[in-house]
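Please look through the structure shown below. The report that follows describes its chains, sheets, helices and some individual residues.

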Amino acid sequence: MARMAKVPVLEPSDAQECHDFILAGMELSEQFKSPVMLRTTTRLAHHKGLVEVGERKEVEQREFVADARRFSVPIYRLARRPEVEKTLNALTEYAETCSFNRVEHSKNSVGVVTSGIAYQYVKEVMPEAGVLRLGMTFPLPAKMLREFCSKYETVYVIEEGEAFIEEYMRNLGITNLKGKELFGVIGEYSPGRLRKALALGSPPQPFTEGIRLLPRPPMMCVGCGHRTVFAALKQLKVTVSGDIGCYTMGALPPYEAEHTTFCMGASIGVAVGLEQAGHKDTLAIIGDSTFIHAGIPPLIDAVYNKSHLTLVILDNSATGMTGSQPNASSGKNILGEETPKLDLEAFCRATGVGLVEVVDTWQRKEMVRALRRSIAYPGPSVVIARGACQQLPEMKKRNVIPFKVEEELCTQCNACFKVWCPAITRTLGNFPVIAANECTSCTVCAQVCPTDAIKLAEAVA
Amino acid sequence: MKTFSLMFAGVGGQGSLLIADLTSLAAVSAGYDTKQTEVHGVSQRGGSVETHVRFGEKVHSPIVTPGEAYAVIGLEKLEALRFAHYVNAKDGTILVNDHELIPGSIANAEKIYPHETIDFLKSKGLRVIVLPASQTARELGDGRMANVVLLGALSTLLPIPQETWDKTLRLRIPAKYLEGNLKAFQAGRKMAS
């Protein structure tokens with residue numbers, strides 16, 4: 001992508017460099033008047049390490065200088081192209097000497113060209129090898145690579161993902177290389193994986209012989225309002241296109257009631273596409289935060305193009321999956337200040353949606369009825385399943401009266417277990433028991449109990 | 001010096017991430033280079049959670065390699081089993097809370113749960129220390145402190161002074177839970193030493 005866009009790419013190898021390369025990238029961007037890309041892969045982004053921060057520097061406010069030849073209209077673009085090539089040539093020169101790329105020579109016959117977090121694994125697994133660590137992976141330094149490879153008998157190219165550096169090196173005519181044929185392109189690297197690929201030993205595998213290593217898939221939280229929606233969708237047997245949020249768990253057992261997940265906002269486009277391809281009973285499901293972020297243009301488009309879209313908005317007033325941050329439907333911003341609260345139902349009506357219903361997300365029967373009405377409705381329709389995320393601080397702080405099982409009334413029919421609430425477990429006598437300190441009093445288990453054996457704790461003797 | 005690799009395993013909501021954070025902070029305070037990484041699913045609750053912590057003079061990889069962990073800290077038996085192969089069979093220890101959480105979304109899970117985990121791991125020649133952390137935490141007034149009981153036990157195995165642990169707990173635990181957690185930590189220390 002960077003090669004097509006002709007922008008330089010920096011790849012840090014640890015937490016300190018994540019900090020340093022941002023600053024250096026800003027300077028690089030100013031120096032070459034070019035955007036700069038910072039690439040991180042899974043483990044680099046999901047780890048912590050020590051970082052020393054420098055002194056904060058105040059930078060003078062600079063005015064935006066209007067320059068249509070640089071920033072505007074396609075007719076000026078072609079005239080800019082030679083400039084872009086010139087910049088790229090200058091960056092290629094720069095790559096040969098910049099401090100992002102670093103050679104750590106050794107007397108060993110083995111050399112390694114590496115980038116990103118893989119550098120750390122190389123230092124761990126092959127501490128004796130000579131290393132060329134590329135901190136700038138586009139444009140690449142041809143001279144530096146040729147010279148490095150000429151000093152070693154064998155050079156391993158160890159980069160996560162595609163063989164970007166390796167292919168470039170092979171195109172330079174460098175032949176003493178070993179790379180993707182050993183390390184692979186799929187999934188993240190690790191010291192264990194390198195060791196195995198280099199035949200330096202195989203790390204032990206999980207214990208699965210002679211014992212049942214049960215899986216423990218993630219579950220929706222205790223009291224999560226998504227549960228009733230997916231139970232209803234499973235019952236209604238509709239084809240569901242999903243979106244990005246905790247509710248992707250609706251695709252997993254026990255619900256298996258979400259059938260496509262792509263990118264943010266895709267639920268609506270996919271549902272409309274399925275409908276246009278002749279599929280019946282399709283339904284799109286999206287959270288409030290993702291809807292506001294990426295669902296609005298496709299909803300307008302669906303209405304405009306006369307779709308019969310049925311859309312469920314899971315409105316829990318939070319961006320649950322990333323830590324319950326507020327969004328435009330929360331009524332407060334990230335600083336906790338009061339802000340206008342987006343009126344989702346008024347907004348949906350304004351787009352031309354004919355039927356908009358709001359349902360208390362914990363009311364199972366009403367949820368099924370509302371979904372049925374919405375699916376049967378001839379035009380575009382929206383069901384807003386409303387109920388706050390249990391992870392919101394105000395929900396956690398509430399005083400909750402938990403539910404309790406009255407064993408004398410319980411027939412052990414297992415209906416409450418099929419709510420799949422993590423707070424419901426079994427006693428030694430095989431009765432369900434609700435963890436009082438976890439119960440959010442969402443009432444769903446009480447609603448499914450055919451003998452009314454689940455009651456508010458204070459009502460049970 | 002050698003690098004200490006630790007693997008914390010638990011169920012989302014048990015607080016394995018918190019004690020991994022506390023360990024990393026204590027290691028940093030004690031002057032070690034430290035790295036931490038966690039592998040977690042989409043949910044905050046109910047799923048399997050693993051956290052890797054490595055500290056020493058100079059740490060490269062944040063990932064612990066199976067077979068190299070100086071300690072595997074299991075907040076629950078099944079999760080201890082899931083990550084037991086990370087322990088270094090020569091000098092490593094598996095610290096496990098004598099506690100079972102039956103996975104909710106599996107049919108008949110309570111019948112097929114590996115209740116024999118401890119004996120199984122011992123039969124593989126691994127050093128296993130079983131601690132009644134959940135029970136101790138309940139006796140101290142709050143079962144959720146089982147994680148800190150285990151942390152206390154772990155602290156006896158690591159080259160980090162007692163006062164550094166104490167300082168770290170005081171820095172990170174909110175005032176209203178501090179007293180209980182300090183007691184839980186000491187109870188764990190006593191159990192393991």
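## Contact between the chains

In this predicted model, 41 residues of chain B are in contact with 41 residues of chain A (two residues are in contact if their C-beta atoms, placed from the backbone, lie within 7 Å). On the side of chain B that touches chain A, at least two residues each are supplied by α1 (16-29), β2 (33-39), α2 (77-83) and α3 (109-112) of chain B. The largest share, 6 residues, comes from β2(B). By class, the residues of this side are 17 nonpolar, 18 polar and 6 charged. Here Ala, Val, Leu, Ile, Met, Phe, Trp, Tyr, Cys and Pro count as nonpolar, Asp, Glu, Lys and Arg as charged, and the others, Gly among them, as polar. Helices (H or I, at least four residues) and strands (E, at least two) are DSSP runs, numbered from the N terminus.

β2(B) also pairs with a strand of the other chain: strand β3 (residues 47-49) of chain A and β2(B) are antiparallel, with 3 bridges. Two strands pair if DSSP finds at least two bridges between them. Within β2(B), B:K35 stands opposite A:G49.

Residues are numbered from 1 along each chain as its sequence is written, chains are lettered from A, and ligands are numbered from 1, in the order in which they are written. As the model is predicted, local features need pLDDT of at least 70 and side-chain atom pairs count only at pLDDT 80 or more, while totals for chains, interfaces and linings use all residues.

## Domains and sheets of chain A

Chain A is divided into domain 1 (1-52 + 63-202), domain 2 (226-395) and domain 3 (399-459); the bounds come from an automatic or database domain assignment. Between the C-alpha centres of domain 1 and domain 3 of chain A there are 56 Å.

Strands of a sheet pair through backbone hydrogen bonds, either parallel or antiparallel. One open sheet of chain A has 5 strands in the order β4-β6-β5-β8-β9, with mixed pairing. β4 (102-104) and β9 (177-178) of chain A stand at its edges with a single partner strand each, so one side of each has no neighbour in the sheet.

A second open sheet of 5 strands has the order β10-β11-β12-β14-β13 (chain A), and its pairing is parallel. Its edges are β10 (239-241) and β13 (355-360) of chain A, each with a single partner strand, so one side of each is left without a neighbour in the sheet. From one strand to the next, the twist averages 25 degrees.

The table lists three strand pairs of chain A.

| Strand pair | Direction | Bridges | Opposite residues |
|---|---|---|---|
| β5(A) and β8(A) | parallel | 5 bridges | A:V113 and A:V157 |
| β5(A) and β6(A) | parallel | 5 bridges | A:V112 and A:V131 |
| β11(A) and β12(A) | parallel | 4 bridges | A:G287 and A:L314 |

## Helices on the sheets

Helix α6 (residues 118-125) of chain A lies across β5, β6 (130-134) and β8 of chain A, at about 155 degrees to β5(A). Axes are lines fitted to C-alpha atoms, for helices over the stretch in contact, and angles run from 0 to 180 degrees between N-to-C directions. Of the 6 residues of β5(A), 5 are buried (a residue is buried if 20 or more other C-beta atoms lie within 10 Å of its own, exposed if 12 or fewer, and partly exposed in between, with C-beta atoms placed from the backbone).

Helix α12 (residues 266-276) of chain A and helix α13 (residues 288-304) of chain A pack at an angle of about 25 degrees, with their axes 8 Å apart. α12(A) and α13(A) are therefore roughly parallel (angles under 35 degrees count as roughly parallel, over 145 as roughly antiparallel, 65 to 115 as roughly perpendicular and the rest as oblique). The contact of α12(A) with α13(A) has 5 nonpolar, 2 polar and no charged residues.

## Individual residues

The peptide bond from A:F138 to A:P139 is cis, with omega near -10 degrees. A:P139 is in the loop between β7 (136-138) and α7 of chain A. Another cis peptide bond joins A:P253 and A:P254, where omega is about 5 degrees.

A:N414 has a phi near 75 degrees, a positive value in a residue other than glycine. A:N414 is exposed, with 10 other C-beta atoms within 10 Å. Phi of A:W420 is also positive, near 55 degrees, but A:W420 is buried, with 20 other C-beta atoms within 10 Å.
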